[in-house]
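User: Could you take a close look at one part of this model for me, the place where its domains meet? I'm a first-year student, so please spell out the terms.

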Amino acid sequence: MQHTIVVGAQWGDEGKGKLVDILSERHDTVVRFNGGGNAGHTVIHNGHTYKFHYLPSGILHNKRCILGTGLVINPVDLKEEIESFAKENIQPQIFISARAHLILEHHKMLDSKKGSQKIGTTGRGIGPTYAGKASRTNLRMLDIIQGNAAFRIKKALNELKDYLLAEHLFSERDFDSYITKTSELLIKLGTYYKPMVTDTEVDVQKANAEGKTILFEGAQGALLDINYGTYPFVTSCSTTAGGAFVGGGATPSMNIKILGITKAYTTRVGEGPFPTELRDESGVQLRNVGKEFGTTTGRPRRVGHLDLFALKYAVQNGGINALALTKIDTLAKIETVKLCVGYEIQGKIIDYFPADSTTLKLINPIYQDIETPEDLTPEEWIKLRHKPKSALPKNIANYIRTIENYLGIPVEYLSHGPDREETIQYDI
Ligand code: GDP
Ligand code: IMO
Ligand code: MG
């Protein structure tokens, strides 16, 4: 019995939602382990588009879905998401960690301040809520489902009063009414969430002991990791496989495979270094062909060549065992394709991924030219579905082989369109 951790291997939006949807079918339980409403995952099946911010796409297969301890949850937004699926007759089996932290209105207000704008955050209150977690001032799911919830909520907010007034988020009078309104809202939400809240870690360990398979779903991507990403242009939690242990209830003794998801090129939303970014007309073309606009904020994504050097850092640092390569169909529509196979700074080749974002901004990528992958019709793709990699057309096969040789791990999934069906799995 082997569990799977799915992680983004770039700066997010690699197609994790699509792969989690596919893999859910073969797992008993799906656990989202990090982030919050900053994530946006699109899954397409039979012409129907589903959008997820919190819920694992495993709900489409009626699997047991867990929102783990590592999450920060806006209880209003999550309720809306659950209800929007219920309207489509999808009644998710959802279990939420009692230990997950709550995103409240003041976290969102803090996230609209200058510092957040410099990073280009999603404005969903993520950073301030994780900051509250570290400074031990937050409310957690468990606080709002207790009999004394009103007391707990008022106490926690009152303790923040001096800080929030100093941040000029409220006047004294406004703050009192903020406490009253928030407390009323959270008590109602507590009643709604109570049947779903549990010790999810215990659930995960029990599932493991019973021989069930667990899929751990990561949001964001390796280069947005708070510890290992392109700090400070990162999100505020662990986005690498370690996050599944910290926030999903996975334990080191479990048998786990780590699947990294990467696009056939690179994208990034928000600010921060991006060595292979295409700032010219070819970037505009790639963005439009790939429909590279954020699921959560609608912002145009920045686009560029596949950065194998950064990907190798993500693979080695995150213990990724195999890859899913997505959007090969988009790359096939681009005239000039290059792979970044090294970094040079001020004339010197470097053999490490710089920790300093200022240094990363000065990088000259070393490129290798490579033939554009063939642009296949849907019928041609269908014929390749149960065939080995050797049956792929020359340029696609060469693109994959070059990536595998450089990274030293196999491509297990090739995704050639947004639909669930537009995916080939290879034996590895
Ligand atoms: P996630 O955040 O990693 O789940 O990725 P997003 O859902 O934010 O962004 C990936 C986008 O690419 C979504 O709109 C998917 O429907 C789409 N997508 C995923 N795989 C493919 C693929 O192989 N080809 C094409 N054309 N689109 C894909
Ligand atoms: P999924 O799960 C892409 C980026 C934001 C910003 C930085 C910090 O869909 O791959 P935050 O709001 O988290 O404090 O913003 O991180 N970011 C993402 N970029 N995909 C995501 O999630 C992201 N979640 C956060 O754009 O640059
Ligand atoms: Mg996304």
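Analyst:
**Where the two domains meet**

The domain assignment, which is automatic or taken from a database, splits the chain into domain 1 (3-71 + 201-425) and domain 2 (101-195). Keep in mind that this is a predicted model, where local features need pLDDT of at least 70, side-chain atom pairs count only at pLDDT 80 or more, and totals for chains, interfaces and linings use all residues. Residues are numbered from 1 along each chain as its sequence is written, chains are lettered from A and ligands numbered from 1 in the order in which they are written, and side-chain values use heavy atoms, with hydrogens and water left out.

The C-alpha centres of the two domains are 32 Å apart. Where they meet, 20 residues of domain 1 are in contact with 13 residues of domain 2 (contact means heavy atoms within 4.5 Å). Together they bury about 1100 Å², with 54% of it on carbon and sulfur atoms; buried area is the accessible area (1.4 Å probe) that two parts lose on being put together, summed over both. On the domain 1 side, Asn38, Ser236 and Arg299 supply 31% of the area buried against domain 2, more than any other three residues.

What about the residue types? The side of domain 1 that touches domain 2 has six nonpolar, twelve polar and two charged residues. Here Ala, Val, Leu, Ile, Met, Phe, Trp, Tyr, Cys and Pro count as nonpolar, Asp, Glu, Lys and Arg as charged, and the others, Gly among them, as polar. Between the domains there are zero salt bridges (a side-chain nitrogen of Lys or Arg within 4 Å of a carboxyl oxygen of Asp or Glu).
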